[in-house]
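Here are a few notes for you on the ligand site and the annotated domain. Please have a look at the model first.

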Amino acid sequence: MNRREELAANLAEVRLRIERACAAAGRDPAEVTLLAVTKTFPAQDVALLSDLGLTEFAENRDQEAGAKTAEFARLRPDAAVRWHMVGSLQRNKAKSVVGWADQVDTVDSERLADALAKAATRPLDVLLQVSIDGDPKRGGCPLPELPRLAEYVARKGELVLRGVMTVAPLGMSPAQAFDALQGAVTRLRDDHPAANVTSAGMSGDLEDAISYGSTCVRVGTALLGSRRLASP
Ligand SMILES: *Cc1c(COP(=O)(O)O)cnc(C)c1O
């Protein structure tokens with residue numbers, strides 16, 4: 001099997017998993033975006049996935065992403081894709097990140113929101129990263145502080161609040177975690193009806209995330225294969 005065939009087979013399998021999870025939850029698969037997390041994999045893989053119809057891609061490190069997005073643009077100058085930043089982000093990288101990212105999925109503080117707003121040269125889509133267990137090491141805004149951060153971001157003209165993102169914490173089952181998130185998201189939408197994205201679920205837990213209302217699953221391994229430990 002060549003790489004294109006391998007990626008096509010993986011993509012078909014992931015789409016099937018999404019369809020089955022949606023069927024089990026009584027949801028329409030069109031409500032769930034597949035976000036391909038291409039960190040550590042080459043721009044050539046992004047090109048092949050784009051040929052296979054994917055349009056949303058994510059990276060977690062600014063430096064790697066800057067080079068890869070430029071290389072992809074050379075490989076597929078006519079492809080209309082959107083790039084997401086899904087890694088933790090230091091404020092001094094804001095300017096560089098807005099150079100390649102269409103959406104930043106990891107906004108977890110007012111200070112980071114300030115830095116992104118200042119750096120943005122056009123309205124920047126953002127998700128608020130939520131920490132379900134409140135562990136500061138893993139990034140994310142603790143659930144109780146979410147309404148305040150949402151209010152703050154919503155007032156920034158340069159940022160467009162699209163919704164929330166979370167990584168299920170280690171100490172609880174994904175189902176428990178996504179259940180807790182769903183409650184907070186329901187309350188958030190009362191105040192911010194347009195913030196309707198819930199990005200939750202990865203290769204290992206996308207079924208649980210979909211059953212609790214996720215509208216975006218971020219898939220790396222199941223699409224591209226296993227990664228070496230560090231990004232190149
Ligand atoms: C790497 C990564 C993913 C994808 O994880 P897989 O388990 O490989 O699917 C999803 N979200 C974030 C934030 C990541 O860094």
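1. A residue counts as being around the ligand if one of its heavy atoms lies within 4 Å of it. That shell holds Val37, Lys39, Val86, Met165, Met202, Ser203, Arg218, Val219, Gly220, Thr221 and Arg227. Five of the shell residues are nonpolar, three polar and three charged, with Gly counted as polar.

2. Before going further, please keep in mind that this is a predicted model, where local features need pLDDT of at least 70, side-chain atom pairs count only at pLDDT 80 or more, and totals for chains, interfaces and linings use all residues. Residues are numbered from 1 along each chain as its sequence is written, and side-chain values use heavy atoms, leaving out hydrogens and water.

3. Which polar atoms meet the ligand (N or O pairs within 3.5 Å)? The side chain of threonine 221 places an N or O atom 2.5 Å from a ligand oxygen. A polar backbone atom of glycine 220 is 2.8 Å from an oxygen atom of the ligand, and a polar side-chain atom of arginine 218 lies 2.9 Å from a ligand nitrogen. Of the 390 Å² of accessible area that the ligand has on its own, the protein covers 87% (Shrake-Rupley, 1.4 Å probe).

4. An unreviewed UniProt entry annotates residues 15–226 as "domain: Alanine racemase N-terminal"; such annotations may be inferred rather than shown by experiment.

Note on methods:
Polar contact = N/O pair within 3.5 Å; in protein donor to acceptor, adjacent residues only side chain to side chain.
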